[in-house]
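I opened a new notebook page for this chain. The entries below follow the order in which I looked things up.

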Amino acid sequence: VQLVESGGGLVQTGNSLRLSCAASGRTFSDYAVGWFRQAPGKEREFVGVSGRSGDSTSYAGAVKGRFTISRDNTKNTVYLQMNSLKPEVTAVYYCAAGSYGLRPNSYIYWGQGTQVTVSS
């Protein structure tokens with residue numbers, strides 16, 4: 001599975017962004033898709049995950065209520081809607097496909113990442 005993230009950019013505090021993770025290759029619906037982020041000097045951290053059908057999702061406590069994951073298996077795409085953005089969410093955001101889990105080692109395939117920068 002090849003994953004390509006898009007939709008990152010520079011936004012002001014309080015604004016929203018929607019990231020996309022487009023997949024190609026093996027059957028996309030066979031995999032859970034997680035979102036992770038990594039800020040400079042910090043470890044990669046879990047943001048959220050969608051189960052294979054999109055019916056099941058889990059989120060990190062820091063983003064719960066502000067971020068929403070959805071997926072469209074007909075388009076082989078998973079989305080991360082991010083609302084009420086704050087500077088502390090500035091990071092490179094990655095999507096990954098694999099087993100449903102909170103740790104990076106649950107995932108087999110990774111995208112290249114997309115930069116999200118929130119200015120104050």
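Entry 1. Which side chain of opposite charge is nearest to the buried Glu5, and how far away is it? I looked this up in a predicted model. The answer is Arg44, at 7.6 Å. Glu5 has no salt bridge, although it is buried. A salt bridge would need a side-chain nitrogen of Lys or Arg within 4 Å of a carboxyl oxygen, so I do not count Arg44 at 7.6 Å as a partner.

Entry 2. I then asked what the side chain of Glu5 does have around it. I found Glu5 in strand β1, which covers residues 2-6. A polar atom of its side chain lies 3.0 Å from the backbone nitrogen of Gln112. The backbone nitrogen of Gly113 is 2.8 Å from a polar atom of the Glu5 side chain. I also listed the contacts of Glu5, leaving out residues up to four places away in sequence. Among them are Gly111, Gln112, Gly113 and Thr114, along with Trp35, Tyr93 and Tyr94. Cys21 and Cys95 are on that list too, and I turned to these two cysteines next.

Entry 3. How many disulfides does a search of the whole structure find? It finds one. The disulfide joins Cys21 to Cys95, with 2.1 Å from S to S. I noted that the link of Cys21 and Cys95 is right-handed, with 70° about the S-S bond. Cys21 belongs to strand β3 (residues 17-24) and Cys95 to strand β9 (residues 91-98), so the pair ties together parts that lie 74 residues apart in sequence. I checked whether they are buried or exposed, and both Cys21 and Cys95 are buried.

Entry 4. I looked for other residues in contact with Cys21 and came to Thr77. Thr77 is in strand β8, residues 77-82. Its relative accessible area is 10%, so I entered Thr77 as buried. Besides Cys21, Thr77 touches Ser20, Ala22, Phe28, Arg71 and Asp72, with neighbours within four places in sequence left aside. The side chain of Thr77 reaches the backbone oxygen of Lys75 at 2.8 Å.

Entry 5. Which loop holds Asn76? I placed Asn76 in the loop between β7 (67-72) and β8. Phi of Asn76 is near 50°, a positive value in a residue other than glycine. With a relative accessible area of 28%, Asn76 is partly exposed.

Entry 6. I made the same kind of note for Ser84. Its phi is near 50°, again a positive value in a residue other than glycine. Ser84 sits in the loop between β8 and β9. The relative accessible area of Ser84 is 39%, so I wrote it down as partly exposed.

Entry 7. Last, I looked at the chain as a whole. How many helices and how many strands does the chain have? I counted zero helices and 11 strands. The radius of gyration is 13 Å, close to the 14 Å that the globule rule gives for 120 residues, so the chain is as compact as a globular protein of that length. The C-alpha trace spans about 40 × 25 × 25 Å along its principal axes. I noted that 43% of the 120 residues count as buried. Of the contacts with a separation of 6 or more, 54% come from residues 24 or more positions apart.

Note on methods
Residues are numbered from 1 along each chain as its sequence is written. This is a predicted model: local features need pLDDT of at least 70, side-chain atom pairs count only at pLDDT 80 or more; totals for chains, interfaces and linings use all residues. Side-chain values use heavy atoms; hydrogens and water are left out. Helices (H or I, at least four residues) and strands (E, at least two) are DSSP runs, numbered from the N terminus. Buried means under 20% relative accessible area, exposed over 50%, partly exposed in between (1.4 Å probe, protein chains only). Lys and Arg count as positive and Asp and Glu as negative; His and the chain ends are not counted. A polar contact is a pair of N or O atoms within 3.5 Å; within protein, one must be able to donate a hydrogen and the other to accept it, and residues adjacent in sequence count only if both atoms are side-chain atoms. Contact means heavy atoms within 4.5 Å. A disulfide is a pair of cysteine sulfur atoms within 2.5 Å. The radius of gyration is taken over C-alpha atoms; the globule rule is 2.2 Å times the number of residues to the power 0.38.
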